[in-house]
Amino acid sequence: MTEHPGGGAPPTAPTGRRRALQWIFLLLGVSLASWVTRTPAIRDALAASTGEMGLVLFGLSVGSMTGILAAGPVVRRFGTRPVIAVSMALAVAGLAVLGVATALATAPGAFAGLLLFGLGMGCSEIATNVEGAEVERLAGRPLMPLLHGTFSAGTVAGAVLGMVFTRAEVAVEWHLLGVAVLAGIITTAVVPAVPTGFGKQRGGSRRGAGAAAREQFALWTQPRIALIGCVVLGMALAEGAANDWLPLLMVDAHGFDPASGTVLFAAFAASMTTGRFAGSALVVRFGRAAVVRASAGLAALGLIAVIFTSSPVAASAGVVLWGLGAALGFPLAISAAGDGGGDSTARVSAVATAGYLAFLVGPPLLGSLGDHFGLRYAMIVVLVLVGCAALTASAVRGPSPAEGR
């Protein structure tokens, strides 16, 4: 069982915890989009070839994977609050290092900055989802769509800010340092609203890596967790595939120019944000399983339009449906993992880890398939897994008929 804050003072009210988490999710989205939008300028400053830039970006992959895989055991040992605080500090430091490295035109420095940023981002994503599932339980209503919607809104805001700074020819280092300083100040202000103790397991400091791995394996042998894993695998891959490949897919497969491809990606991000902000009300009205099933259906229709039609108009409409459909599967799977007794922290951590691994590892594999069969037809894999998510959506049904009212 996990520990909760003890002592004479009552725990922080769910509203305060929710607002703190919303700020963290927002900052993660803004930070991610801020450096992504400046990637061309970073490449030019480093005078890096495409291959050399790929090696620099590999730092982000290494850091993210390490953070995601380490986050569960670390949360169970120390609790969510210190993990969120330290991981956000790593992400902020990574942004600052990346900015300085760009100014100094040092590729190893940029690699180190992205490594730190990825480590902090990956670890904080797991810790914030564990914390968010608990806040949702205490509030007695669906909140995970709102939290993930705040992250999506942050990516949109960060992308707009990046475009404005790029157009105004603001130097990359000042842009990233400014975001890092602001994120550091806000994080310092809001983290105290997260209570100490939650997520920490008694005896966690004496647990070895082998015991943690065995417990994770035991979780995935539970039929309900395995089915929730199917949902999160398909829906997280649908989101990750669009984030990595959508602009290029629309340019190569449907003849859009690069600027139009970027606009369509922005439409996808806006559709996801809209779907997530509407998600809580939809869950209360129709139930978690029905919303996930309908979301997977929308995503499948969008993918079909993008993959199999030759009409640019139909493909553009498909992008919007794809974004709306991909919006809610991941956060609602996290909510489902938090249901019930026992060690909910371990369940949420396991499902969130599976989702982020699909988000990060799946798209590069799609790129390999695209080399052999074309990027358009590589997306059939995403379509099939989204279909599997629709078929297993009943696994996310809530513990009562109200499903989270």
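1. The largest nonpolar core of this chain has 103 residues, and those with the most contacts inside it are Trp35, Met250, Trp322, Ile334, Met379, Val382 and Val386. Helix H9 supplies the largest share of this core, with 12 residues. The model under review is a predicted one, and the points below should be read accordingly.

2. On confidence, the mean pLDDT of the chain is 84, and 90% of its residues reach 70 or more. Residues 1-12 have a pLDDT below 50, and this stretch has 26 contacts in the model beyond near neighbours in sequence. At residues 400-405 the pLDDT likewise stays under 50, and the model has 14 contacts for them beyond four places in sequence. The contacts of these two stretches are reported here as they stand in the model.

3. As to overall architecture, the chain contains 15 helices and 0 strands. Of its 405 residues, 50% count as buried. Among contacts with a separation of 6 or more, 83% are accounted for by residues 24 or more positions apart. The exposed area of the chain is about 16600 Å², of which carbon and sulfur atoms supply 69%.

4. One core residue, Ile334, merits a closer description. Leaving aside residues up to four places away in sequence, Ile334 touches Asn129, Ala133, Met144, Val348, Val351 and Ala352. Of these contacts, Met144 belongs to helix H6 and is buried there.

5. Helix H6 comprises 24 residues, 144-167. At 1.5 Å a residue, H6 should span 34 Å; its end C-alpha atoms are 35 Å apart, so the two values agree. The buried residues of H6 include Gly149, Gly154, Gly158 and Gly162, together with Met144, Pro145, Leu147, His148, Thr150, Phe151, Ser152 and Thr155. Their packing partners are helix H1 (14-37), helix H5 (107-139), helix H7 (172-190), helix H10 (258-286), helix H13 (329-337) and helix H14 (344-373). After H6 comes Glu169, which has a positive phi, near 60°.

6. Helix H1, one of the packing partners of H6, holds Ser31. Ser31 counts as buried because its relative accessibility is 7%, under the 20% limit. Apart from residues up to four places away in sequence, Ser31 touches Leu95, Phe117, Val179 and Ala183.

7. Helix H9, which was named above for its share of the core, covers residues 223-254 and includes Leu248. Leu248 has a relative accessible area of 40% and is therefore partly exposed, since that class lies between 20% and 50%. Leu248 and Thr262 are 14 residues apart in sequence, while their C-alpha atoms are 9.0 Å apart in space.

8. The cysteines require a separate remark. A disulfide is a covalent bond between the sulfur atoms of two cysteines. A search of the whole structure finds 0 disulfides. For Cys230, the closest cysteine sulfur is that of Cys388, at 6.7 Å, which is too far for a bond, because a disulfide requires the sulfur atoms to be within 2.5 Å. Cys230 counts as partly exposed, at 32% relative accessibility. Cys123, by contrast, counts as buried because its relative accessibility is 12%.

Definitions and conventions:
Residues are numbered from 1 along each chain as its sequence is written. This is a predicted model: local features need pLDDT of at least 70, side-chain atom pairs count only at pLDDT 80 or more; totals for chains, interfaces and linings use all residues. Side-chain values use heavy atoms; hydrogens and water are left out. Buried means under 20% relative accessible area, exposed over 50%, partly exposed in between (1.4 Å probe, protein chains only). Helices (H or I, at least four residues) and strands (E, at least two) are DSSP runs, numbered from the N terminus. The expected span of a helix is 1.5 Å times one less than its number of residues. Contact means heavy atoms within 4.5 Å. pLDDT is the predictor's confidence in each residue, from 0 to 100. Accessible areas come from the Shrake-Rupley method with a 1.4 Å probe; for residues, only the protein chains shown count as cover. A nonpolar core is a set of buried Ala, Val, Leu, Ile, Met, Phe, Trp, Tyr and Cys residues joined through side-chain atoms within 4.5 Å.
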